[in-house]
Every structure is written in C-alpha cells, then in structure tokens.
Amino acid sequence: PTSPRGSRLEAVPQGRPETRWTASWDGRLTPVQIKEFGAINKIDFSPVPPYNYAVTASSRIHIYGRYSQEPIKTFSRFKDAAYCATYRDDGNLLVAGSEEGSIHLFDVSGRAPLRQFDGHTKPVHVVGFLSDKYRVFSGGDDYSSNLWDIASATEIASYSEHTDYVRCGCASKVNADVFITGSYDHTVKLFDARTKSSVMTIEHGQPVESVLLFPSGGLLVSAGGRYVKVWDVLKGGQLLVSLKNHHKTVTCLCLNSSGQRLLSGSLDRHVKIYSTTSYKVVHSFNYATSILSLALSPEDETIVVGMTNGVLSVKHKKPEERKEKSQKKRQPAYRTYVKGRTYMPKQEDFCVSKPVKRVLRKYDKLLKSFQSSKALDAVLEPPIRLYTPEVTVAVMQELHRRGTLRSALAGRDEKQINLLLTFVARRVIEPRFTPVLVTVADMITDIYQPVVGQSAIVDRQFLRLQEAIGKEIDYQEELLEVLGMMDTLFATFTEKRATYLEENKSNGLTETIETNMNN
C-alpha cells in the first residue's frame, strides 16, 4: 500500500543510515519561490562559475544568479513560446527552440540571437549542443531529429525515424558524434552523425518525457509514464532496472556531479533521489503542484524545480559544518618554562629581544571601527574620567576632528547627559582642556536646548556649567586688570635712556657752538 505522499520507498528505510549527501538537505534553508510568466519547461545550469541558471517559461528565457530572486538577464526575442534553453559546455552560448519551429542561438553576454536555424515545420521542444561545441541537435513535433552546423547555420543531417512528437534528448560527452532523442512513440533512438540512420532503438513502453546519459556514456536513463528505466548501451540497450516509485507521469531527470545520485520529478508533486549503486530511494522532496523541470547545480548545492503553475522553487543545501575534534593539547613540562632562566649571556652572544605585542585599548578599538558613540561612552567610565581626564578630552578632540562629535553627543538619556555635563563643568576651567571642552559645551547646549526644563537633574547641571564658566570669565577679567596694573608699575620702574638720534643731535649742537666761539 502507498502513503498519501507517495510509494513505500519514498522515505529512507529504517535501519539504513542516510549518506552525508542526503542528510545535508534535511536542514536546508527555506525555499525561495519565484513566479514566472507560464509553465517552466526547462531549467539548465551554466557549467562554469558563478553557475547561473537559465529558466525557460512562456516566451522568455530568464538568467538567474545562484542566490538572486530577480533575473539578471532576459532573452525575449520569441514570437511565441520558447523551449529547452540549454548552455554550451563553456557557458558562452545558449540555444533554444520555439513554438514557430525555429532554433535560436544566443551569446550569453548579448541579447539578439547570433544564429537562427530554420528547417522544422512544427514546434521544436528539444535542442542541445554536441560535445564538440560546434554542432547543435534538435527534435520537433514534426517527428524529425536534425543536426545543425553553428558556423554556417545550415542543416547537416535530418532523421525522420520517430512516428510521434520528439520531446526530449541529450548528447554524449564521450563521443562528439552521438546524440539521443526520446519520443511520444514510446521509443528512444541513438543517432550517430556519421551514419544516415539511427544506430540503436530502445522500447520504453510509454511516451518518453526525459532521457539522460551517465558521464561514462555507458548507461542510459529514460523516463515516461510512471517508470524510470536504466539501460546498458554497451550491451545493445539491455534493460538493467525499472523503477516505479512515482504514481503519476515522470517528467524530468537529472544526475548529480559525481553520478552517484539520480533525481526524478513527476506530476505527483514529488522529487525522488535514487542511489545509482542500489537504485533505492534515499531521499524525497514534496512540492505544492506538479513538476515539469528539474536541475541540480554543478556543485550539488542548489536544486531548482519548475512547476506547471509557473512557480520556480530554489532550495540550497545546508553548509556542512566542520567537526573538528577538540583534543586537549599536552602542556609542556615545568622544566620547559624555567629552562634558560638563569643563563647569563656571554660576550660573543647576540641577544634578540622579543617584540612586545601592542594591545589596543577599548576606546581605540571602537575608534578604529568608527563607533563614535560607544568610544565616547568608553572614555566616560569612572577609571578614565576621574584619573586620566586627558584621555577623555583627547577622544573628544579626535571625534571633533572626524566630524562625528555631534552625532556621538546626540541621542543620550538623562543619566548620560548628567555625566557629560558634570565632566565638562569640572574640567572646562583647566587651561589644557578649555579649547576642546568649550566646543563640547556649545554642542551639548545646541543639541539639548529643546529639552531644558523637562529634567531637574539636567537643568541643575546646566546651571553648574553656567556658574563655572561665569566664574572663569570673572577670574579672567580680574587677571587682565592685574596685568594692566603690573604693566603700569613696570613702566615707572624703567629708567629713561637717550636714544641714538638725540645723542647725535646734542653732539652736533655742541660742535657748532664750539666752532662759532673759535671764529
């Protein structure tokens, strides 16, 4: 009997431990839901970093980043629906079929098609690159499977062996001339570009929705109806295993990067993950509606599922936590610490002193990280404020130099304002602190003037500050008066001396009188 969620193989059987690959999906992040314009018929990851993926839905192809929720690029040069957008192995080109029967080749960095291949008379649902990167294969609803040359945009070969719609296909990564197509005529055909007809036909038994080849090229997987079947290509298409774990049509298949996990999606809203060694279901995902397309990132960290209602579901694997064994290190023996303590250097010895590691103070670290308000709080703590006020004033001066002093003083409560005003009122009269603290007092007055009268404690501190500044002004005026008196006294004590000009005049007059008397 089957459960409401699927077959009896959906969950991991009791007694068999999950592998690390499947267990890491249990703590996955909340899936991201992205709404597309229509049913999503194809999802394909770029084989090169940063592993963007192409989503084909309605008449558009959207390119998404791994963690983006909005498309980073869109190809919309289609008159009607687009199908099966697929990356080339180098990630530079993208090929897609269309409802009107033409095939479009795009440069990922551009927008307009580089090539257009015309030859199909009905919609083209299957396109892909051969592994030589210079040829494209296709399959359409006109029952034909074609081969195209990218450079000349011409048709190389056309095979009309299927008797129904060709709806899926893949290319061999081992042999550049081999590609496979699956059709609604229940057959899977293997074609070789060097021959004029197919070289192998496999009877699946139901309309074929998806096919894929293992990386080695020796095993073929086909999906159609409720069945997923694995075939040995090297033995002439011998059936190895038939899996019937879905209770509705299987629509899509994919492999993980190592080929150890096979994933299948179905109209029954489930994605099942099989081990390719035992072909047992080791994990399963449940979705809101029927699944049409499925893709796994090249690093096996992201699984993307496209559904019939146009919703794209993206799930990321939980990062593996490194479990480091916390082994207690064996401490050195006591003699290691005291060894060499009593050694006296000789005359020929060269002594090297160990550099002292500089440890930053708390306020220095906060200043370094541009946390102005917290740095000011740190230097207003009692040990610094009371015993090293020069540090507090220096930090205030640095904040003023940076232009962040006003923001550091703002937004404080009654207790903090009281602390600030107490410090300023006490230290503003010290000549070494006066220039900085006068600026601080001006800013505090400007910032907190609107709240004057709302707190008796703050009002009292403002009065104390006013009184301290008033006393200092009176003291400065008295000092100026005393300086004026002292200047007067010093002026009276100074003897008047004849200047150089007066001496010359007096000498000249004397000489003139003496000359007249002699005459």
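**The whole chain**

Colour the chain by secondary structure. This predicted model has eleven helices and 28 strands. Now show the surface. The chain's accessible surface is about 29800 Å². Carbon and sulfur atoms supply 53% of that area. Of the 519 residues, 43% are buried. Next, think about contacts between residues with a separation of 6 or more. In 45% of them, the partners sit 24 or more positions apart.

**Stop 1: two helices that cross**

Select residues 389-402, which form helix H6. Add residues 414-427, helix H8. How do the two axes cross? They come within 12 Å and cross at roughly 110 degrees. Angles of 65 to 115 degrees count as roughly perpendicular, so H6 and H8 are roughly perpendicular to each other.

Show the side chains where the helices meet. On H6, pick Pro389, Thr392, Val393 and Met396. On H8, pick Leu420, Phe423 and Arg427. Which kinds of residue make this contact? Five are nonpolar, one is polar and one is charged.

**Stop 2: a loop between helices**

Move along to valine 452. Its loop runs between helix H9 (434-448) and helix H10 (456-492). Is valine 452 buried, exposed or partly exposed? Its relative accessible area is 45%, so valine 452 is partly exposed.

Now look for its partners. Leaving out residues up to four places away in sequence, valine 452 touches Asp459 and Phe462. Draw a distance between the C-alpha atoms of valine 452 and phenylalanine 462. The viewer should give 8.8 Å, for two residues ten apart along the chain.

**Stop 3: the cysteines**

Select the cysteines and show their sulfur atoms. A disulfide is a covalent bond between the sulfur atoms of two cysteines. How many disulfides does the structure hold? Zero.

Zoom in on cysteine 84. The nearest cysteine sulfur belongs to cysteine 168, and it is 9.5 Å away. Cysteine 84 is in no disulfide. At 10% relative accessibility, this residue counts as buried.

Go on to cysteine 254. Why does its sulfur have no bond to the one in cysteine 252? That sulfur is the closest, but it is 7.6 Å away, too far for a bond. A disulfide needs the two sulfur atoms within 2.5 Å. Cysteine 254 is buried too, with a relative accessible area of 9%.

**Stop 4: backbone oddities**

Switch to a backbone view. Most residues other than glycine have a negative phi, and most peptide bonds are trans. The next three sites depart from that pattern.

Start with proline 49 and proline 50. A cis peptide bond joins them, with omega at about 5 degrees. Proline 50 sits in the loop between strand E2 (40-45) and strand E3 (53-57).

Jump to lysine 133. This residue is not a glycine, yet its phi is positive, about 75 degrees. Look for lysine 133 in the loop between strand E10 (124-129) and strand E11 (135-140). Its relative accessibility is 31%, so lysine 133 counts as partly exposed.

Finish at tyrosine 279. Where is it? Look in the loop between strand E24 (270-275) and strand E25 (281-286). Its phi is also positive, near 55 degrees. Is tyrosine 279 buried or exposed? With a relative accessible area of 15%, tyrosine 279 is buried.

Technical notes
Residues numbered from 1 in each chain as written. Predicted model: local features only at pLDDT ≥ 70, side-chain atom pairs only at ≥ 80, totals over all residues. Heavy atoms only, no water. Helix = DSSP H or I, 4+ residues; strand = E, 2+ residues; numbered from the N terminus. Buried < 20%, exposed > 50% of the residue type's maximum accessible area, 1.4 Å probe, protein only. Contact = heavy atoms within 4.5 Å. Areas by Shrake-Rupley, 256 points an atom, 1.4 Å probe, with all protein chains shown as cover. Axes fitted to C-alpha atoms, helices over the stretch in contact; angles between N-to-C directions. Parallel < 35°, antiparallel > 145°, perpendicular 65-115°, else oblique. Nonpolar A, V, L, I, M, F, W, Y, C, P; charged D, E, K, R; others polar.
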